[in-house]
Amino acid sequence: MSRPRLAQLASGSATVLLTVLLVLLLSGTTSTAWIALTCVAALALGVAVAYALRPQAPGVTTAPPPPEVRVGRPTASSYQR
């Protein structure tokens, strides 16, 4: 696995901080257990954001789109093709 880039670290860290602050401010909790649970969930979300932003390998190509499927009876214009 390659090392994380600066953009990945910045967006993951920002996600963690904003998630923790917003959830704690909106919920108004003072319980240590809920604060710890919120921090763990925010860390998981930050890791998910960092993995979502990881760069693709240069040799990897995406699969081509599936062929177009025509449903129904052929029309007069389709016979001319």
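Author: Contact means heavy atoms within 4.5 Å. This is a predicted model, in which local features need pLDDT of at least 70, side-chain atom pairs count only at pLDDT 80 or more, and totals for chains, interfaces and linings use all residues. Residues are numbered from 1 along each chain as its sequence is written, and side-chain values use heavy atoms, with hydrogens and water left out.

Reader: How many helices are there in the protein chain?

Author: Helices (H or I, at least four residues) and strands (E, at least two) are DSSP runs, numbered from the N terminus. Along the sequence the pattern is α-α-α. The protein chain has zero strands, and its helices number three.

Reader: What percentage of the residues of the protein chain count as buried?

Author: Buried means under 20% relative accessible area, exposed over 50%, and partly exposed in between (1.4 Å probe, protein chains only). The accessible surface of the chain comes to about 7200 Å², with 68% of it belonging to carbon and sulfur atoms; such areas come from the Shrake-Rupley method with a 1.4 Å probe, and for residues only the protein chains shown count as cover. Of the 81 residues, the buried share is 11%.

Reader: How far does H1 reach from its first C-alpha to its last?

Author: The expected span of a helix is 1.5 Å times one less than its number of residues. For the 22 residues of H1 this gives 32 Å, and the reach in the model is close to that, at 31 Å.

Reader: Within what arc do the buried residues of H1 fall, and which helix is included in what covers them?

Author: The buried residues of H1 are Gln 8, Gly 12, Thr 15, Val 16, Thr 19 and Val 20. Seen down the axis, they fall within an arc of 115°, so they line one face of the helix; the arc is that of the directions from the helix axis to the C-beta atoms. The other side of H1 has exposed residues, among them Leu 6, Ala 7 and Leu 17. What covers the buried residues includes H2.

Reader: Which leucines make the nonpolar surface patch of about 360 Å²?

Author: Patches are made of residues with over 30% relative accessible area and no salt bridge, with like charges joined within 9 Å and nonpolar side chains (Val, Leu, Ile, Met, Phe, Trp, Tyr) within 5 Å. A salt bridge is a side-chain nitrogen of Lys or Arg within 4 Å of a carboxyl oxygen of Asp or Glu. Exposed residues of H1 on the side opposite its buried ones include Leu 25. The patch is made by Leu 18, Leu 22 and Leu 26.

Reader: Which residues of H2 are buried?

Author: H2 (residues 32-52) has 21 residues, which should span 30 Å, and its end C-alpha atoms are 30 Å apart, in agreement. Its buried residues cover an arc of only 75° around the axis, which puts them on the same side of H2. On the other side, Ala 33, Val 40 and Leu 43 are exposed. With H1 included in what covers them, the buried residues are Thr 38, Ala 42 and Gly 46.

Reader: What separates the C-alpha atoms of Ala 14 and Gly 46?

Author: Ala 14 lies in helix H1 and is partly exposed, with a relative accessible area of 35%. Ala 14 and Gly 46 are 32 residues apart along the chain, yet their C-alpha atoms are separated by 7.9 Å.

Reader: Which residues does Leu 24 contact, leaving aside its neighbours within four places in sequence?

Author: Leu 24 is in helix H1 (residues 6-27) and is partly exposed at 22%. The C-alpha atoms of Leu 24 and Ile 35, 11 residues apart along the chain, are separated by 7.2 Å. The contacts of Leu 24 are Thr 29, Ile 35 and Thr 38.
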